[in-house]
Each structure stands twice: as C-alpha cells, then as structure tokens.
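Reader: I am in my first year and would like to understand how the words used for a protein model are justified. Could we go through one together, step by step?

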Amino acid sequence: MTSPIERIAQGDEADILALNNEHAAELSWLEAERLSFLLGEAFYARRIGDLEAFIMTFDQEANYDSPNFLWFCERYERFIYVDRVVVAAHARGRGHARRLYQDLFDHAERAGHTLVTCEVNADPPNPASDAFHAALGFVEVGDAVIHGGKKAVRYYVKQIVA
C-alpha cells in the first residue's frame, strides 16, 4: 500500500524540523520559527505518510532570501523553486522523491506554471541527486559559489507543459 501525499499541517512542523535538520549538511539548518515562516510562504509543501518524506517549494512571489532562490528570481519571471526534498533514511528506495516531484509537476501545471527549478550541491558533490534530477528531465542552466565559498551549487530547470 502506497502512503498518501498530504499537505504539511502545523502539527507536522516539529517532525519536519527534525527530519530537515538531520540533513542540514545537504540542505540548511532551520530553527522552528524560520520553518513556520517558510511554510507560510510555500507554493507547495507536502509530506508522505508518517513523515517518510517531504518537499517544500516557492513560486517567484515568495518572500525568501535564499541565494539560490534569488539566483532564479534574477533570471526567470515565473517559476517554481524546489527548496528542499528530504526522504527519511528508513523510507529510502520507495520512490517517494519521484512521487513528490510528479505531484509537484501536476500541481504546478494546474496553476499555469511552465518552469520548475532547483539546485544541487556541486561541492560537496551529490552525484546521486544530479542523476535523479537528470532522469526527471532537469537540465543544468548555471552554477554558483555561495555562503562565503563554503558551498558550490549547480542550477537546474525543467520545462513542464501548461
């Protein structure tokens, strides 16, 4: 039986925060107040099952100061930015990230969006994420060194039909 994809509710925030911060090296550390704020700004924020995985995205109108989000704002008029996708260790290999992305693509298309964006770490490298995004149809459109040289990223976009 496949776990359902559901909206992230306020009652989920403590668990979302814990799962996010377990993966802070790949994502970024969040405090509870910041997570609440970001969820309020999100275009699409969903979880699978008993927090087996979650995704948080923003559209171009979000009040968000991430250097990666701002990179896309400077280059694209309208887009959905995938800020973070996390799959819990015990739930890996079940296709959760792929399901969340497909649901996002469907949601974005219904909302009239034609572009989904994201970034993947180049340093430290994340070849599994690069391969995953390529398999979903994302193409690289740029790169940057951020956080005072502590991290390098590659920027990706995927065209969707609207």
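Reader: Where does UniProt place the feature "domain: N-acetyltransferase"?
Author: In this predicted model, the UniProt record, an unreviewed entry, places that feature at residues 3–160. The span is 34% helix and 31% strand, and its end C-alpha atoms lie 25 Å apart.

Reader: What makes β1 and β6 edge strands?
Author: The open sheet has 7 strands, with mixed pairing, in the order β1-β2-β3-β4-β5-β7-β6. Both β1 (5–7) and β6 (139–146) pair on one side only, and this is what makes them the edge strands. From one strand to the next, the twist averages 30 degrees.

Reader: Why are β1 and β2 said to pair?
Author: Pairing requires at least two bridges between two strands. Strand β1 has 3 bridges to strand β2 (residues 44–48), in the antiparallel sense, and therefore the two count as paired. In this pair, Ile5 stands opposite Ile48 of β2.

Reader: Why is Leu17 in helix α1 called buried?
Author: The word applies to a residue with under 20% relative accessible area. Leu17 is listed among the buried residues of α1 (residues 13–22), so its relative accessible area must be under that cut-off. Glu13, Ile16, Leu19, Asn20 and Asn21 are buried in α1 too.

Reader: Which elements do the buried residues of α1 pack against?
Author: They pack against α2 (32–41), β3 (53–59) and β4 (80–87).

Reader: Which strands does helix α3 lie across?
Author: Helix α3 (residues 67–75) lies across β3, β4, β5 (115–123), β6 and β7 (151–159), and runs at about 45 degrees to β7.

Definitions and conventions. Residues numbered from 1 in each chain as written. Predicted model: local features only at pLDDT ≥ 70, side-chain atom pairs only at ≥ 80, totals over all residues. Heavy atoms only, no water. Buried < 20%, exposed > 50% of the residue type's maximum accessible area, 1.4 Å probe, protein only. Helix = DSSP H or I, 4+ residues; strand = E, 2+ residues; numbered from the N terminus. Contact = heavy atoms within 4.5 Å. UniProt positions renumbered as here; feature names shortened; annotations may be inferred. Axes fitted to C-alpha atoms, helices over the stretch in contact; angles between N-to-C directions.
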